[in-house]
Amino acid sequence: MKIVTIICEYNLFHNGHLRQIEEIRRIFKNDCIIISCMSGNWVQRGEPAVLNKYLRAQAAVLCGADLILELPYPWSCSTAEFFAGAGVSLAESFGSDYICFGSESGNIGYLVSSAEKISSDDYKNAVLEARNKNENNKISDIKLREEVYKKLFNSIYPKSPNDILGIEYLRAISKIKNTKINPLVIKRTGNETASASRRHYRSGDFISLENIVPGEALEFYLKHNPNEADFHGKIMLYELLQKNHELNDLTQRIEGAGGGSGIKIIKTAREASTYNELIKKCTSKIHTTAFVRRTAMNIVMKTTDAMLREKPEFTILLAAGKLGKLFLHNFKKANKLNNDAVYIITKPADFDSGYNIKSEIYPQINISHRSDMLYFIASGQAAADVFKHKPFIL
C-alpha cells in the first residue's frame, strides 16, 4: 500500500480537493493511504482559518481523506519555501512514497526544470547581487527575482500560485538524501477556490457555497459558524503595541521584520483604529498583504528565521478514518524505540502537560501552543479549550 501525502490547508475543503483525493485513489487503484498534512489554526497568508483545525479536519475525513495530521505553526503561516519545506519534512517522516499536489500547468517537466533553475548557484548568486544593488527596496523582492530569472534563463518566472508551491515541494524533496518520495502532479481543473468558499460561507450565501463544496462538507459547515476574517484584529493590535519597547532588538531577529518593515508595522499599530487599517497602511508595491500579515504574526509570536529553518519534530492528530487509524497503530508500533521519529500528539492533555514529550522539541510545541491560544481567545473561547478538543475518529 502506497503512502500518499497531500500538503494542504482545507480552508475550506472544496470540490477541487475532493477530485484530487478521487484521482489519487484511481491512480493507485485504492491501494493507498492518503495523509493530509494540513495547516493548523493559522494559514499561509498570515490569517486565522475560517474554522478551527479540528473542524476543518473532520470535514475532510467525512469527504474521504484517511488521516489528517497538522502542519503546525509557525510553518503553516510562512512563505512558500518554509511552508513546503516543513510539509515535505513531515511527509518524509511518515514514510511517504508520494507527495501529491495540484498545479495550474500540470507539467512535471516544466516544474522540475524551474525548480532546478531556482536552486542553481548561478541564480542564487545573481539574486544576492541584485538585492545588494536594490537601494531602499525600490522594487519588491519577487519582482527582483523575476527580472533575474528572465535575464539569466530567458524565460518567465513561474507565477501561478500552485505551480510556485509545487516548485518549492520539488526543491524540498531534492534536499533530502536517499528519499523515496516521488512527486505526483495533478492538473487543476474546475474553478473552485478556497477564497470563494470562505466568502460565500461568511456571507451566508449557501446556494453559491453548494456549488463549490461537496455535499458532506456543506452539511457539516452549516452546523458551525465561521470566524470573521479579522476576528483576531483587536488582540493583534494590542500585542503589537506591547512590542514598541523592544523595537530595535525585536525586528533584527524576527522573520520578515528586517529592512524597516517590522518597525513600520509596530509604529502603525499606534495610529490604526482597526487591524485591517494597519494591514492596508503597511501594504505596498514592495510588501504584499500576505507578507504584512505574516510579519505581524511573527512579531507577536516572536517567530525567528532560525525557527522556520528547523524541521518540525512533531505533529498533532486532528482526524482519522479507518485506514488512518491503522496507519497510526502501525507507525507507533514500528517507531516505539526510535527516538528520532516524529512525535505524533494524539491527546491534547499531553500537549498541555508536556507528558512524554522530548524536551528538545518543547520550544516548537510551545510556540504552536501559544498561537492556538491566541486563536481560541480571539474567537471567544477560553485558552484551556485548546486542550479540550479531541481528534475526530470516523
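1. Strand β3, residues 67-71 of this predicted model, is mostly covered by its surroundings. Of its 5 residues, 5 are buried.

2. β3 has pairing partners in β2 and β6. With strand β2 (residues 32-39), β3 pairs in the parallel sense, over 5 bridges. With strand β6 (residues 314-320), β3 runs antiparallel, and 3 bridges join the two.

3. L67 of β3 appears in both pairings. The bridge partner of I35 in β3 is L67, and the bridge partner of L67 in β6 is A320. A reader who wishes to follow the pairing in the structure may trace I35 to L67 and then L67 to A320.

4. The parallel pair also belongs to a larger arrangement: β2, α2 and β3 make up a β-α-β unit, and its hand is right-handed.

5. How many of the 10 residues of helix α2 are buried? The count is 9, so helix α2 (residues 53-62) is largely enclosed by the rest of the structure. The buried residues are K53, Y54, L55, R56, A57, Q58, A59, A60 and V61. The list thus includes K53 and R56 as well as L55 and V61.

6. The two ends of α2 can be described separately. At the N-terminal end, N52 acts as the cap, with a side-chain oxygen 2.9 Å from the backbone nitrogen of Y54. After the helix comes G64, which has a positive phi, near 125°.

7. On cysteines, the structure holds 0 disulfides. C37 is in no disulfide, and the nearest cysteine sulfur to its own, that of C8, is 7.3 Å away. Because its relative accessibility is 0%, C37 counts as buried.

8. Why is the sulfur of C100 not bonded to that of C32? The sulfur of C32 is the closest cysteine sulfur to that of C100, but the two are 9.9 Å apart, which is too far for a bond; the cut-off for a disulfide is 2.5 Å. C100 is buried as well, with a relative accessible area of 1%.

9. A further point concerns E168, which is found in helix α7 (residues 161-174). Is E168 buried or exposed? Its relative accessible area is 12%, so E168 is buried, the limit being under 20%. When neighbours within four places in sequence are left aside, E168 is in contact with A80, E81 and A84.

How values were computed:
Residues numbered from 1 in each chain as written. Predicted model: local features only at pLDDT ≥ 70, side-chain atom pairs only at ≥ 80, totals over all residues. Heavy atoms only, no water. Buried < 20%, exposed > 50% of the residue type's maximum accessible area, 1.4 Å probe, protein only. Helix = DSSP H or I, 4+ residues; strand = E, 2+ residues; numbered from the N terminus. Polar contact = N/O pair within 3.5 Å; in protein donor to acceptor, adjacent residues only side chain to side chain. Contact = heavy atoms within 4.5 Å. Pairing = 2+ DSSP bridges. Right-handed = clockwise from strand over helix to strand, strands pointing away.
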